[in-house]
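Let us take a walk through this model together, strand by strand, and then look at a pocket and a residue beside it in the story.

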Amino acid sequence: MMEFKDLRFKDLRLYLVFFLFVACSSSNTSDKKIFRYNEAVGIQSLDPAYASGQAATWVCNMLYNGLIDLNDSLHVVPMIAKKWEISPDGRTYTFHLRDDVFFQNTDNYFFDKPPKVTAADFVYSFNRIVSPEVASPGAWIFQKVARNEQGAYAFFALNDTTFQIVLTEPFPPFLGMLAMKYASVVPQEVIEKYGKDFRKFPVGTGPFQFQMWEEGIKLVLRKNENYFEKDENNEKLPYLDAVAISFIIDKQVAFMEFMKGNMDFMSGIEACYKDALLTKEGTLQEEYADKITLQTGPYLNTEYLGFLLKEKENNPLLIKEVRQAINYGFDREKMIRYLRNNMGYAHTSGFVPLGMASFNPYSVKGYHYDPQKALELLQQAGFPNGEGLPVIPLSVSASYVDLCQYIQHELNKIGIKISLEVQQAAQQRQMMRSYQLPFFRGSWICDYPDAENYLSLFYSKNLQPFGSNYTHYVNPVFDQLFEKSQTVTDDILRNEYYTTLDSLLMEDAPVVVLFYDKKARFTQKNITGLDNSPTNLLNLKRVKKTEQ
């Protein structure tokens, strides 16, 4: 472990700021159960309209509620809506709301009498998401909602406790999409007062409410004493008194604070500490077994390399056999074991990851390590042993250089030469979207619990700028099957379509699936009740913290 005297000056300054924050918080709230964690990437907004990215989504999940939620098995469960019906034609969704949900009273906005949430609040909140003035990145979740001649969306308050949405056509994934934080209910009165400053003075209905935010330094949420959910013993949730979030950029400093017990939770693995905490098999090092709890499980994130299949002269990646050879040319299991300490599932199936209902490794065959097969495919493509094959540039951000260097080394053994082009993550994403990268590293994290979310990346009508088809994959057979799958309301039958679509993708190989992700969550031993959802959403309403 790094000694204090070895810290760089900027790290020392951050360390001292955090130390003072922890010390002051502890001295004034010694009898409170405060859950502490760090967000290295920072948070830009506390407004659910802009809840894009894990950091903001985690906090918005504490501050807000929507109509429905997802449990750890990714099944839709009631939230503010206690029940609902879907019309026989699959177009009309009618939600019946609880009558005991109130907006929070905070120090920044205090209601004389906290207003009860009604159907009209959902009409306002959803219309706000689709408003061009708001420009929410979540507006797309309502793209299949019907509109009248004046352009008004079909969101209706039939009475105070009945809310209705009408779609233009059946779309089975829609209900699950409403669990996204974009679809949270917000109070019109508060937003009209604060305008754009609602981002830093939020009011919701969630288990925690806003206390204070010093941007880039600390964010504190306190228990919502009037929260409506209760546990199985009729005890009010949440159990914690508060949540304190720091924003230490240096991940090694944050790791040190966790190891000293100044933080309760740490998520993910980093090169600076993965070997200190984990064995190569992905288990906790024996010396920490009585001090730290490790929680693992599927995380709905597919890590991949994408090929740009847009026509370009002398582009060998347009040849399917070359793409297949790259898929066969390296050992994923070895890569996961030695470079990620087994925190991931080596790809053996399709693009849809382990944890999704349609995942079927028996029906969807992906790629395993077979260098001889790769050489045969190169021969078929007209590049025996890689002869005549130009160097292929692979764009990658700094966090994934080690993985791509391994792939580069392995492919070189069979005559496929790769050059790595390291870019800033934001720049790389922009170039992906403008079709400037012939070969790139990407990932896709689940937005909602339906395989359509993954397969839509290869639908031709989702080419940029209208969607997320970054590979420019166009296949009329795929499109026809994809469109058919979206008319099927029976989950089992729809999943059979998804299996067929995933198999077609693997044959065409527009991507190299590297691995399906795995959560790595570390908590102190006095923390219990942390959920284990494959979406990796941080849900603290049932978490308990006892004295060490």
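Strand E17, residues 511–524, is mostly covered, with 14 of its 14 residues buried. Please keep in mind that this is a predicted model. E17 has antiparallel partners in E11 (residues 265–267), E12 (residues 292–307) and E13 (residues 345–346). The table sets out these pairings, each with one bridge pair to look for on screen.

| Strand paired with E17 | Sense | Bridges | Residue in the partner strand | Residue in E17 |
|---|---|---|---|---|
| E11 (residues 265–267) | antiparallel | three bridges | phenylalanine 265 | threonine 523 |
| E12 (residues 292–307) | antiparallel | 12 bridges | glycine 306 | valine 511 |
| E13 (residues 345–346) | antiparallel | two bridges | alanine 346 | phenylalanine 515 |

A handy reminder while you turn the view: in a regular strand the side chains alternate between the two faces of the sheet.

Now move to strand E14, residues 392–397. How many of its six residues are buried? Five of the six are, so E14 too counts as mostly covered, buried being under 20% relative accessible area. E14 runs parallel to strand E15 (residues 418–423), and six bridges join the two. Within this pairing, valine 396 stands opposite valine 422 in E15. Helix H11, residues 401–412, joins the picture here: E14, H11 and E15 make a right-handed β-α-β unit.

Next comes the second largest pocket, which has a volume of about 620 Å³. Of the 27 residues that line this pocket, the closest to its centre are Pro172, Pro449, Asp450, Asp491 and Arg494. Which helix gives the most to the lining of the second largest pocket? That is H15, with four residues. Helix H4 (174–177) and helix H15 (491–508) each supply at least two residues of the lining. Sorted by class, the lining has 15 nonpolar, nine polar and three charged residues.

Arg494, one of the residues closest to the centre of the second largest pocket, also appears among the contacts of serine 485. Serine 485 lies in helix H14, which covers residues 476–485. Is serine 485 buried or exposed? Serine 485 is buried, because its relative accessible area is 0%, and the cut-off for buried is under 20%. Leaving aside residues up to four places away in sequence, serine 485 touches Arg494, Tyr497, Tyr498 and Leu501.

How values were computed:
Residues are numbered from 1 along each chain as its sequence is written. This is a predicted model: local features need pLDDT of at least 70, side-chain atom pairs count only at pLDDT 80 or more; totals for chains, interfaces and linings use all residues. Side-chain values use heavy atoms; hydrogens and water are left out. On a 1 Å grid over the protein atoms alone, a cavity is a set of points where a 1.4 Å probe fits but cannot get out, and a pocket is an open set with protein on both sides within 12 Å along at least five of seven lines; lining residues have an atom within 4 Å of a point. Grid points are joined across faces, edges and corners, and a volume is the space filled by probe spheres set on the points. Ala, Val, Leu, Ile, Met, Phe, Trp, Tyr, Cys and Pro count as nonpolar, Asp, Glu, Lys and Arg as charged, and the others, Gly among them, as polar. Buried means under 20% relative accessible area, exposed over 50%, partly exposed in between (1.4 Å probe, protein chains only). Contact means heavy atoms within 4.5 Å. Two strands pair if DSSP finds at least two bridges between them. A crossover is right-handed if, with the strands pointing away from the viewer, the path from the first strand over the helix to the second runs clockwise.
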